[in-house]
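Welcome, and thanks for taking a look at this one with us. Below is a short tour of charged side-chain pairs and of strand pairing.

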Amino acid sequence: VERAARAGTPAPPLEPVSPKTVRNAHSLLSSILYLAVQDGLIPTNPAHGQDLPADDVEEEKDIFTRPEWDRFYRAMTPHFRPLLALLITSGARWGEATALQVRDLDVDAGVIHVRRAWKKGAQGVVLGAPKTQRGRRAIMLPDHVVAMLAPLAAGRPPEDFLLTSPTGRVIHRTNFVERHWKPALVAAGITKDLSPHSARHTFASWALMEGVAPQIVQHRLGHESLETTSRRYAHLLLDAQRAAVDAIGWQPSPGA
């Protein structure tokens with residue numbers, strides 16, 4: 001803009017862009033500058049470590065209604081129903097649920113211990129630590145889900161994966177979605193844009209709508225801060241606000 005003014009030419013129009021667009025542009029620029037450093041063209045990457053804008057507004061995600069989930073669950077390949085039951089009742093991420101090992105299930109306590117997760121690495125998908133520090137957590141499960149998972153762990157080595165494909169291998173997300181998830185959506189008559197991650201959003205939404213404290217939902221989701229949970233699901237906390245309004249209970253005295 002300043003250069004245009006000095007040259008006496010009209011300034012180019014300034015169009016607002018989203019935080020995501022800024023982050024994408026920064027990522028590309030940083031990659032180019034990194035290569036320049038590697039080639040000895042510049043001493044350091046000036047884009048590295050720069051503060052980037054965060055999304056101010058979280059878009060509301062599609063979730064399952066309870067009737068939709070019931071139809072979807074019945075339409076799912078029976079072998080994968082324990083996985084669905086775990087996802088919808090725990091709030092665990094896909095990469096956490098499919099990385100659970102036999103030793104992570106405590107049948108007596110009715111708890112799963114999230115200690116690792118699948119994540120994208122330079123050489124493809126690798127096993128690593130959960131997404132956040134609070135990602136390492138214990139999640140209590142309903143008795144009926146524990147009863148579904150217990151036979152999958154019985155008599156197996158502790159380091160085996162708890163949930164596997166029908167051939168006993170790691171469940172690959174793409175294969176699962178194409179061969180089982182999408183066909184089950186079609187069979188259940190559901191046209192929403194729902195992915196395995198939608199089960200996590202559905203859990204959080206159902207829990208908050210039933211009055212579960214946001215702090216409990218935060219722990220089960222493994223969010224690093226309560227702010228993350230509140231921001232993403234603020235539209236579901238109106239009942240909690242009503243409780244706060246009722247708790248104050250103030251109104252002007254007669255004649256005031």
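## A bridge across the chain

K192 has a relative accessibility of 27%, so this lysine counts as partly exposed. Please keep in mind that the model is a predicted one. The side chain of K192 forms a salt bridge with that of E68, with 3.0 Å from N to O. Its partner sits in another setting: E68 counts as buried because its relative accessibility is 14%, and the cut-off for buried is under 20%.

Where in the chain do K192 and E68 lie? K192 belongs to the loop between α7 (173-187) and α8 (196-209), while E68 is part of helix α3, residues 66-75. The two are 124 residues apart, so this salt bridge links distant parts of the chain.

## A bridge within one helix

Helix α7 also has a pair of its own. K182 and E178 both lie in this helix, four residues apart, which is about one turn. Their side chains meet in a salt bridge, at 2.9 Å from N to O.

Are these two residues buried or exposed? Each falls in between: K182 is partly exposed at 41% relative accessibility, and E178 is partly exposed at 46%.

## Other charged pairs

Side chains of opposite charge can pair when their charged atoms come close. R156 and D160 give another example, a salt bridge in which the closest N and O atoms are 3.8 Å apart. The cut-off for such a pair is within 4 Å. R156 is partly exposed, with 27% relative accessibility, and D160 is partly exposed with a relative accessible area of 27%.

Salt bridges can also join up into a network, as they do for R93, E96 and R137. How many salt bridges does the count come to? The count is eight.

## A sheet of three strands

Now for the strands. Three of them form an open sheet in the order β1-β2-β5, and the pairing is antiparallel. β1 (105-106) and β5 (137-140) are the edge strands; each has a single partner strand, so one side of each has no neighbour in the sheet.

Strand β2, residues 111-114, runs antiparallel to β5, and four bridges join the two. If you would like a place to look in the viewer, try H113, which stands opposite A138 in β5.

Methods:
Residues are numbered from 1 along each chain as its sequence is written. This is a predicted model: local features need pLDDT of at least 70, side-chain atom pairs count only at pLDDT 80 or more; totals for chains, interfaces and linings use all residues. Side-chain values use heavy atoms; hydrogens and water are left out. Buried means under 20% relative accessible area, exposed over 50%, partly exposed in between (1.4 Å probe, protein chains only). Two strands pair if DSSP finds at least two bridges between them.
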